[in-house]
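Subject: Structure handover and notes

Hello,

Here is the structure, with the sequence alongside. My notes on it follow below.

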Amino acid sequence: MSQADLLDQDPVFQLKGSMLAITILELTGNDLERLDRQLASKVEQAPQFFANAPLVLALDKLPATGPDLDLPALMALCRKHGLRTLAIRAGQDDHIAAAGALDLPVLPPSGARERPLEPAARPAPEPARPAEPAHRPTRLITTPIRGGQQVYAQGADLIVMAAVSPGAELLADGHIHVYGPLRGRALAGIKGNPEARIFCQQLGAEMISIAGQYKVAEDLRREPLWGQPVQIALSGDVLNITRL
């Protein structure tokens with residue numbers, strides 16, 4: 001076997017799964033001027049959070065009748081506000097065709113099941129593997145979380161025994177507990193768990209989020225419990241903040 005053949009067998013890439021926080025912009029109306037104004041107002045509340053944020057444009061809630069959607073103009077508007085479109089979520093044929101013309105991936109509508117493109121062959125049986133635990137041990141952090149740091153508790157709760165600085169980000173599939181001031185961002189239940197909660201000894205967060213529902217600092221400062229020890233829970237689509 002030649003040296004070239006040996007080099008050709010040496011892998012030059014790996015495929016790995018990854019969890020990324022991606023914003024979904026769900027459109028309910030085709031009015032770009034009004035969207036421009038409302039999006040500018042929302043981005044102004046947390047410019048660092050939205051800067052260069054990866055985005056999925058959800059078009060599946062748009063009415064089937066009405067003016068044609070200008071997808072390139074919509075993407076340009078989002079880019080103007082710092083949002084980078086990675087894909088669209090759509091079910092209408094014209095939206096899917098427009099995405100195809102832009103070489104943009106299309107995700108199935110919300111709640112829809114993905115359909116196989118062709119009949120799937122029966123897979124060969126795989127060797128038995130040890131079952132992965134459904135819930136991993138709680139991740140415990142005992143040192144302060146500084147601005148720019150990100151801590152993720154995958155499949156688990158996250159406990160931080162120190163302060164969380166502005167610009168820091170906490171992510172957890174389960175609950176988040178902060179036994180100190182919370183001044184950064186806290187996102188609990190990030191894989192869609194609506195039962196997740198956030199607990200902190202001093203609410204001063206830039207943003208809080210549970211299962212994709214969020215409030216930014218401008219909203220939180222209006223809360224009577226700003227600066228107090230609180231717990232945050234999700235009820236329907238509403239984040240409820242109560243005293244600890």
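Which residue forms a salt bridge with Arg-185, and how far apart are the closest N and O atoms? The residue is Glu-206, and the closest N and O atoms are 3.4 Å apart. Please keep in mind throughout that this is a predicted model.

The Arg-185 group

Glu-206 sits in the loop between strand E11 (198-203) and strand E12 (207-210), while Arg-185 belongs to strand E10, so that the salt bridge links distant parts of the chain, 21 residues apart. Glu-206 counts as partly exposed, at 27% relative accessibility. Arg-185 is buried, its relative accessible area being 14%.

Arg-185 also meets the side chain of Glu-169 in a salt bridge, at 3.3 Å from N to O. This pair, too, links distant parts of the chain: Arg-185 is in E10 (residues 185-188) and Glu-169 in strand E8 (residues 169-172), with their positions 16 residues apart in sequence. Glu-169 counts as buried because its relative accessibility is 12%, and the cut-off for buried is under 20%.

The strands around Arg-185 are paired as follows. E8 and E10 run parallel and are paired over three bridges. Within that pairing, Glu-169 stands opposite Arg-185. E10 is also joined to E12, again in parallel, by four bridges. There, Ala-186 of E10 stands opposite Ile-208 of E12. As for the side chains of E10, Arg-185 and Leu-187 point one way, Ala-186 and Ala-188 point the other way, and all are buried.

Glu-206 has one further relation that I noted. Its C-alpha atom is 8.3 Å from that of Leu-220, and the two residues are 14 apart in sequence. Leu-220 is found in helix H6 (residues 217-220). Leu-220 is buried, with a relative accessible area of 0%.

Other salt bridges

The total for the model is eleven salt bridges. Another of them joins the side chains of Glu-26 and Arg-89, at 2.8 Å from N to O. Glu-26 lies in strand E1 (residues 23-26) and Arg-89 in strand E3 (residues 83-89), so that distant parts of the chain, 63 residues apart, are linked. Are the two partners buried or exposed? Arg-89 is buried, at a relative accessible area of 11%, whereas Glu-26 is partly exposed, at 40%. Both residues belong to a network of salt bridges that also takes in Asp-60 and Lys-61.

Helix H2

Helix H2 covers residues 32-45, and its 14 residues should span 20 Å at 1.5 Å a residue; the end C-alpha atoms are 20 Å apart, which agrees. Which residues of H2 are buried? They are Leu-35, Leu-39, Val-43 and Gln-45. These four cover an arc of only 140° around the axis, and therefore lie on the same side of H2. The face turned away from that buried side carries exposed residues, namely Glu-33, Arg-37 and Glu-44.

A surface patch

Leu-140, Met-161 and Tyr-179 make a nonpolar surface patch of about 320 Å². Leu-140 has its place in strand E5 (residues 139-141). With a relative accessible area of 52%, Leu-140 is exposed, since the cut-off for that class is over 50%.

The E14-E15 hairpin

Strand E14 (residues 230-235) and strand E15 (residues 238-243) pair over six bridges in the antiparallel sense. One of the bridge pairs is Ser-235 with Val-238 of E15. Two residues lie between the strands of this hairpin, and Gly-236 takes a positive phi near 65°.

If you start anywhere, I would suggest Arg-185, given its salt bridges with Glu-169 and Glu-206.

Regards

Key:
Residues are numbered from 1 along each chain as its sequence is written. This is a predicted model: local features need pLDDT of at least 70, side-chain atom pairs count only at pLDDT 80 or more; totals for chains, interfaces and linings use all residues. Side-chain values use heavy atoms; hydrogens and water are left out. Two strands pair if DSSP finds at least two bridges between them. Patches are made of residues with over 30% relative accessible area and no salt bridge: like charges are joined within 9 Å, nonpolar side chains (Val, Leu, Ile, Met, Phe, Trp, Tyr) within 5 Å. Accessible areas come from the Shrake-Rupley method with a 1.4 Å probe; for residues, only the protein chains shown count as cover. A salt bridge is a side-chain nitrogen of Lys or Arg within 4 Å of a carboxyl oxygen of Asp or Glu. Buried means under 20% relative accessible area, exposed over 50%, partly exposed in between (1.4 Å probe, protein chains only). The expected span of a helix is 1.5 Å times one less than its number of residues. The arc is that of the directions from the helix axis to the C-beta atoms.
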